[in-house]
Amino acid sequence: MPVEVTWWGHATCTVEDSGVRFLTDPLFARRLAHLRRRRGAVPAPEAAAAEAVLVSHLHSDHLHLPSLARIAPGTLLVVPRGAPAAVPGLRRLEANGVRLAEVEPGDTVTVEGVTVRAVPARHDGRRLPVGPHRAPALGYVVEGEARTYFAGDTGLFDGMAEAVGPVDVALLPVGGWGPYLGHGHLDAGRAAEALAALSPAAAVPVHYGTYWPIGLDGVRPHEFHAPGDEFVRHAARLAPKVTVHLLGHGERVRPEVAR
């Protein structure tokens, strides 16, 4: 089994490779500020089990301290360089036994023989609503028996395929948590363009159809419901050789990859 991917909703996935579990951007909340989880149950506690947790940037729907508090002592928490200075709560996690590793594009960490490489992302990674640019937004490539790219939040950028490198599986954001996407995001069409450039064997769309602002159910609801299906359609046109796995919340897949 080269790799198994479970999508828990939003940008939260478990990637298991070579028996090592990696958890991405854990968000295990029924409500976050003005957002409410509208689809998929809040994952059970065992969803937080991992040898390493990968945090892509400082936005609170990706670096969510109450969700990170569920990870076990001894777990490696990989964050963008400068994150603890911007989010002091990370130091409290460290005091409780979580191991922190700060990285920037080009850095690697090794977890039980599996390498994680930090790659660039085009996204405003500040701790919002205000705050200085103290830490970069990142993606990660998990390199074990397969090469799995978790994009975090990103827009398209020149040289994206070269910066990420060869990958077998791509976990790509295809939507958001509100009626309009800001700069530094991929919608379904742009995600399919990224897919064509990256040319993996398989892809899983993420970051859509989970959270939505309270009171805005009737405002552009297709932006909540449709991005996954739209990505499948665009990918079939732009990257027909890539197998796209459209998962429901809590579903998992073992993509076929050739190494």
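A: A residue counts as buried when its relative accessible area is under 20%, and with that cut-off in hand we can read this model, which is a predicted one.

Q: Is strand β3 mostly covered or mostly open, and how many of its residues are buried?

A: Strand β3, which spans residues 20–24, is mostly covered, since four of its five residues are buried.

Q: Which strands pair with β3, and in which direction does each run?

A: Strand β2 (residues 12–17) is joined to β3 by five bridges, and these two strands run antiparallel; within this pairing, Glu16 has Arg21 of β3 as its bridge partner. Strand β6 (residues 52–54) is joined to β3 by three bridges, but here the strands run parallel, with Thr24 standing opposite Leu54 of β6.

Q: What should I look for in the hairpin of β2 and β3?

A: Look at the residues between the strands, of which there are two, and at the backbone of Ser18, which takes a positive phi near 60 degrees.

Q: How many residues make up the largest nonpolar core, and which of them touch the most other members?

A: The largest nonpolar core holds 55 residues, and those touching the most other members are Phe22, Tyr140, Tyr149 and Phe231. Helix α5 (residues 188–198) gives the most to this core, contributing six residues. A second core, separate from that one, has 21 residues, including Trp8, Phe28, Leu58 and Leu100.

Q: Which residues does Tyr149 touch, leaving aside those up to four places away in sequence?

A: With those set aside, Tyr149 touches a list of residues that includes Val119, Tyr140, Met160, Val169, Leu172 and Leu198.

Q: How is a pair of aromatic rings described, and how many such pairs does a search of the whole structure find?

A: Such a pair is described by the distance of the centres and the angle of the planes. The search of the whole structure finds two aromatic pairs. One of them is formed by Trp7 and Tyr208, which are stacked, at 5.3 Å centre to centre and with 10 degrees between the planes. This pair links distant parts of the chain, 201 residues apart, with Trp7 in strand β1 (residues 4–9) and Tyr208 in the loop between β14 (202–206) and β15 (211–213). Both Trp7 and Tyr208 are buried.

Q: Why is the pair of Trp212 and Phe224 edge-to-face?

A: The ring centres of Trp212 and Phe224 are 5.5 Å apart and their planes stand at 75 degrees, so the pair is edge-to-face, given that planes over 60 degrees apart count as such. Trp212 lies in strand β15 and Phe224 in helix α6 (residues 222–225), 12 residues apart, and both Trp212 and Phe224 are buried.

Key
Residues numbered from 1 in each chain as written. Predicted model: local features only at pLDDT ≥ 70, side-chain atom pairs only at ≥ 80, totals over all residues. Heavy atoms only, no water. Core = buried A, V, L, I, M, F, W, Y, C linked by side-chain atoms within 4.5 Å. Buried < 20%, exposed > 50% of the residue type's maximum accessible area, 1.4 Å probe, protein only. Contact = heavy atoms within 4.5 Å. Pairing = 2+ DSSP bridges. Phe/Tyr/Trp six-rings, centres within 6.5 Å; stacked < 30°, edge-to-face > 60°.
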